[in-house]
Amino acid sequence: MRGDFSRDTFRRGRHYSGVLMQQGRVQLDSDWNEQRSITRHRVEAEAVDVVGPTGAPRERPGFGITPQGGDLLISAGRFYVEGLLCENDEDVLFSKQEDLLPVSGSLLPVPAGLYLAYLEAWEGHVTALEDGAIRETALGGPDTATRARIVWQVKLMPVADPGGTVTGDTPFAEWDDVLSSRLVGSADAGRLAARAQPAPPADDTACVLPPEAGYRRLENQLYRVEVHSGGSRGEARFKWSRDNGTVVSAIEPDGSGNPTSGSQVTVAEIGKDSLLTFATDPLPQWLELSDDRYELSEQRGRLVRVQSVNPATRTITFVPGGLPDLDVARHPLVRRWDQRDGGSAALTPTEDGVPMTGDWQPLEDGVEVRFADGRYLPGDYWLIPARTAIGGTIGDVEWPRAGNAPVLRERDGTPHHLARLALLRSDGASFTAVPDGDSRPVFPPLTAIAADDVRFSDPTGGLAPATTVQEAIEILSQRNGSMCSLLVGPEEDLATALGRLPANPPAGPLDALICLRIGTYRLAEPLRIQGRGHIQFVGAGPGTRIEAPASEAALQFVGCASVRVSNLSVSTGVAGRGSQRLRGLNGAITFVDCPSVTVDAVTARCSGGPLRAASCVTVRNAPDAANTSVTVHGSTLEVGHLQIGVLLVNVTRIRVDDNVIRAGSRPPDGALLNDVDFRAVPRRQLLTGIVTGSPGLPAPPDTNVTITFGGHQVHARSHPALQLGNRDDSEWSRAINALAPARITGPVELKRWLTAFAGSMVRTRGTGDGGTPNFRAVISSLLSQEVAAGQGIVVAGRIAGEVLVQDNSLTDVIEGIHIGLSGGEERREAGIVRITDNTIRLRLPTSAKRERHAILSGNCDSLVVEGNFASIVRDAGNATLRVEGIRVFGTLGRRVIVRHNHLGSGFTIGVTFAPLNAPPLPTQPLWVITENVMESVAAKVDVPARTPSRPGASDPAVVRGKVRGLADNFA
């Protein structure tokens with residue numbers, strides 16, 4: 001502030017709380033002004049502590065920005081910027097701001113682009129020259145005190161569009177650069193030290209002070225050193241005044257109303273006395289011409305060299321060269337600065353000011369300054385009180401010291417404060433507001449603060465997406481005191497509710513406990529949770545029902561660090577042909593590339609179908625996945641017709657225990673018959689093995705009917721109920737002769753017609769052309785076969801380090817437990833496999849035609865099959881199908897123990913032991929097959945002969961000799 005002050009004594013670090021006057025003492029301006037600075041500091045610090053760096057009061061929030069075509073409306077109200085109270089008394093257009101006055105050009109329009117509207121505010125200084133109302137006219141209008149006021153400007157900053165969604169909180173490098181350029185708290189900010197010229201080394205014989213020592217003027221002064229041109233120390237320039245820049249006068253317009261006339265100006269007064277005047281002797285060399293526009297746009301006025309001063313006419317003539325453009329309505333002023341020629345040519349003042357060096361630079365009469373390396377802003381200034389010699393001392397300047405060395409101090413300059421207001425777009429002609437582009441924080445009165453006004457930060461994501469205390473309270477209320485990250489009820493759409501989980505934090509994937517209340521949750525498509533951290537998906541028991549009637553999978557977890565699903569029920573309605581095309585064989589609950597999976601106390605149901613296409617639980621990892629684990633415990637799995645209970649692919653550690661796995665509901669006949677793959681099964685049961693025959697030649701022994709038509713003959717194997725008398729009299733012969741198809745010209749066409757006719761009978765359930773009661777009865781019998789799950793527990797893929805299958809109950813499954821790895825041409829082996837204490841009840845429907853097993857374990861290093869019970873129920877037509885109770889097959893390690901198992905009646909072979917190890921066999925293997933009970937089996941233990949596909953396998957006799965306890969198995 002360029003006031004006629006004696007000095008500025010406020011120092012924040014002294015922590016003074018007030019100035020106390022004493023009676024009979026001299027009253028000084030510096031005491032009054034220090035009290036004002038103390039109060040101002042407290043008010044601003046208190047505002048920042050209460051409001052924060054920036055904020056608008058909720059009751060009257062000011063400085064909202066609203067597009068008005070090609071202009072912007074700034075709303076009335078209040079706003080705090082780093083403690084400064086900015087007030088806008090009424091709505092005003094951006095282009096009509098009182099304190100935003102460009103020196104040249106216009107504010108609008110702006111080029112097309114993205115713009116950040118921001119508020120800039122500072123404390124300005126007002127004298128009677130800017131506001132004549134300060135003068136007291138009753139006393140003749142003397143110049144008394146000055147005023148301070150808050151200046152604010154709303155400005156636009158073009159910013160680079162980062163693409164995507166932007167809001168009022170989006171960071172921008174341009175904004176950071178502006179903040180940095182203000183040098184607030186910056187270590188790069190320029191600093192200055194001041195001193196009075198030190199005395200030379202003392203002369204031992206002299207007792208007088210040297211005349212060149214200290215401050216030598218006869219009057220006390222307040223020196224002002226101000227940056228005129230900014231930049232680094234080598235680029236910046238300064239000017240100085242011994243009177244704090246207070247020798248100033250208004251410029252009066254000439255007869256034409258212009259503030260300048262050629263190289264001359266006329267001032268209101270030449271000076272107050274012989275010292276505070278423009279007519280000093282010698283004359284000042286440099287004066288500054290400016291008006292309000294320069295001050296409000298942070299531009300310095302122009303320094304112009306003086307040629308002459310005429311006190312009589314109050315006219316100042318400048319060296320020819322042109323004067324700046326001044327606005328007579330904007331308080332044009334002329335101000336004296338005291339820098340003069342006389343130093344080196346490199347330090348000679350110019351219209352840009354005086355160059356800075358890193359050395360001590362003299363001002364006048366012993367006052368010296370030194371600039372540190374750094375960045376300097378135009379308008380930065382330092383005040384240096386200089387005091388004359390009193391008594392026997394020398395004159396000096398008041399400046400802090402460290403020992404005897406003057407301290408380098410940051411500027412006394414007026415700081416400018418900035419705050420973001422809004423984000424806008426311009427098309428070059430008009431503005432539009434960016435959605436959520438308002439950047440103003442809003443605060444309530446202290447007496448009306450509510451939970452919704454208090455911000456809430458949750459770095460763990462446990463109460464996401466709450467951003468206020470009220471939202472956090474509501475989430476906690478929904479959880480009923482639980483620790484759930486997300487609590488969902490059946491009245492919510494489950495997929496929408498999961499959208500409330502926040503994005504993964506920068507520290508890593510989000511962990512979450514997702515809780516579901518009792519009720520039914522219907523899904524139109526699979527619910528997918530992907531790329532999260534440790535997830536728990538928990539219900540309240542079987543009453544928490546998740547249903548996906550149009551999907552093969554209901555829940556999908558992909559790429560999560562770990563997943564635990566517990567205490568809920570899941571069901572799907574499609575096996576392999578849902579509305580979603582899902583990759584692989586999916587479960588009602590599917591996990592893909594999740595290193596740790598736990599399924600506990602879950603009821604899962606998958607739909608049935610004509611082919612193996614779905615499961616209740618599927619876990620699938622990449623072949624090279626390491627350290628993966630799966631636990632399936634205490635769950636009930638209702639497996640659809642011909643589907644799988646548990647499918648585990650590429651899992652290194654497996655525990656499947658204490659589960660109930662049983663066949664579920666059978667799909668409607670109509671749904672099955674619409675599937676061409678399913679229809680092929682009963683069609684082959686009606687008629688199969690068709691071969692060409694010739695009249696007079698015997699029929700093949702594995703056929704039971706002969707069909708002759710148009711001189712062409714075939715033999716086939718027919719369902720026995722369709723054979724009416726001898727082999728030449730069957731429903732097939734009667735049908736073809738009754739329908740008399742015209743296109744049969746040979747046995748090949750006859751075979752094709754019979755195959756198509758059999759398919760037609762299945763599709764129409766024996767009611768189509770040629771259908772008879774026998775066809776209808778047989779087909780009805782085939783379609784009414786008992787439902788059976790395809791497989792109970794399957795471990796597959798290329799890796800399986802540890803496998804424990806224990807204490808499970810499997811009912812009505814075609815195949816019970818299957819542990820078998822594969823790797824194409826490369827042999828794959830499981831590690832340690834234990835299959836113990838399981839109950840397995842197989843059911844073979846009529847459609848089952850391949851060899852089956854209660855327990856199969858393929859290649860492995862160590863195997864124990866112990867304490868299991870298995871039984872079998874065969875549907876009609878499967879009485880002779882080979883079924884093995886336990887099959888051990890492939891390349892085996894040194895330990896194989898099969899004992900204490902109980903195999904009920906109906907199995908063809910009790911235990912098949914088929915190691916495919918190439919010779920020599922493992923040294924002293926512990927291969928034990930003993931103490932098993934096998935009811936009504938054709939063979940208790942079978943060691944099959946080598947097959948052409950395994951020509952390098954060891955001789956069966958040698959293998960049998962390595963097995964212990966064979967005699968102690970009981971049939």
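The exercises below, each with a worked solution, concern a predicted model.

**Exercise 1.** Which strands form the open sheet with antiparallel pairing, and which of them are edge strands?

Solution. Begin with the strand order: the open sheet has three strands, arranged E2-E3-E6, and its pairing is antiparallel. Next, look for strands that pair on one side only; these are strand E2 (65–68) and strand E6 (92–93), the edge strands. Then take the pairing of E2 with strand E3 (residues 71–74), which is antiparallel and has four bridges. Within this pairing, Ile65 has Ile74 of E3 as its bridge partner.

**Exercise 2.** Place strand E37 among its neighbours and decide whether its residues are buried or exposed.

Solution. Start with the partners. Strand E34 (residues 527–530) is parallel to E37, with four bridges between them. Strand E39 (residues 586–592) also runs parallel to E37, and four bridges join the two. To fix the register, Ile529 has Phe557 of E37 as its bridge partner, and Val558 has Val592 of E39. Now turn to the side chains. In a regular strand, side chains alternate between the two faces of the sheet. In E37 (residues 555–558), Leu555 and Phe557 lie on one side, Gln556 and Val558 on the other. All four are buried, so both faces of the strand are covered, buried being under 20% relative accessible area.

**Exercise 3.** Which residues touch the most other members of the largest nonpolar core, and what does Ile546 contact?

Solution. The largest nonpolar core has 99 residues, and those touching the most other members are Ile514, Phe537, Ile546, Phe557 and Phe591. By strand, the largest share of the core comes from E52 (residues 809–819), with five residues. For Ile546, set aside neighbours within four places in sequence; the remaining contacts include Leu494, Leu516, Tyr521, Leu523 and Phe537. Further contacts of Ile546 include Ala554, Leu555, Leu568 and Val570, together with Ser569 and Ser571. Leu555, one of these contacts, is a buried residue of E37.

**Exercise 4.** Describe the surroundings of strand E49, including the hairpin with E48.

Solution. First, burial: six of the seven residues of E49 (residues 712–718) are buried, and the strand is mostly covered. Second, pairing: E49 is antiparallel to strand E47 (residues 687–693), with five bridges. Strand E48 (residues 705–709) is likewise antiparallel to E49 over five bridges. Third, register: Val714 of E49 stands opposite Thr692 and also opposite Ile707. Finally, the turn: two residues lie between the strands of the E48 and E49 hairpin, and Gly710 has a positive phi near 60 degrees there.

**Exercise 5.** Two loop residues, Asp243 and Val454, are to be classified: is each buried, partly exposed or exposed?

Solution. Asp243 is in the loop between strand E12 (237–241) and strand E13 (248–252). Its relative accessible area is 11%; because this is under 20%, Asp243 counts as buried. Apart from residues up to four places away in sequence, Asp243 touches Gln221, Leu222, Leu276, Arg336 and Asp338. The C-alpha atom of Gln221 is 6.2 Å from that of Asp243, though the two are 22 residues apart along the chain.

Val454 is in the loop between strand E30 (442–443) and helix H4 (469–478). Its relative accessible area is 35%, so Val454 is partly exposed. On the surface, Val454 belongs to a nonpolar patch with Val50, Leu446 and Ile449. Together these residues have about 360 Å² of accessible area.

Note on methods
Residues numbered from 1 in each chain as written. Predicted model: local features only at pLDDT ≥ 70, side-chain atom pairs only at ≥ 80, totals over all residues. Heavy atoms only, no water. Patch = residues over 30% accessible without salt bridge, like charges linked within 9 Å, V, L, I, M, F, W, Y side chains within 5 Å. Areas by Shrake-Rupley, 256 points an atom, 1.4 Å probe, with all protein chains shown as cover. Salt bridge = Lys/Arg side-chain N within 4 Å of Asp/Glu carboxyl O. Buried < 20%, exposed > 50% of the residue type's maximum accessible area, 1.4 Å probe, protein only. Pairing = 2+ DSSP bridges. Core = buried A, V, L, I, M, F, W, Y, C linked by side-chain atoms within 4.5 Å. Contact = heavy atoms within 4.5 Å.
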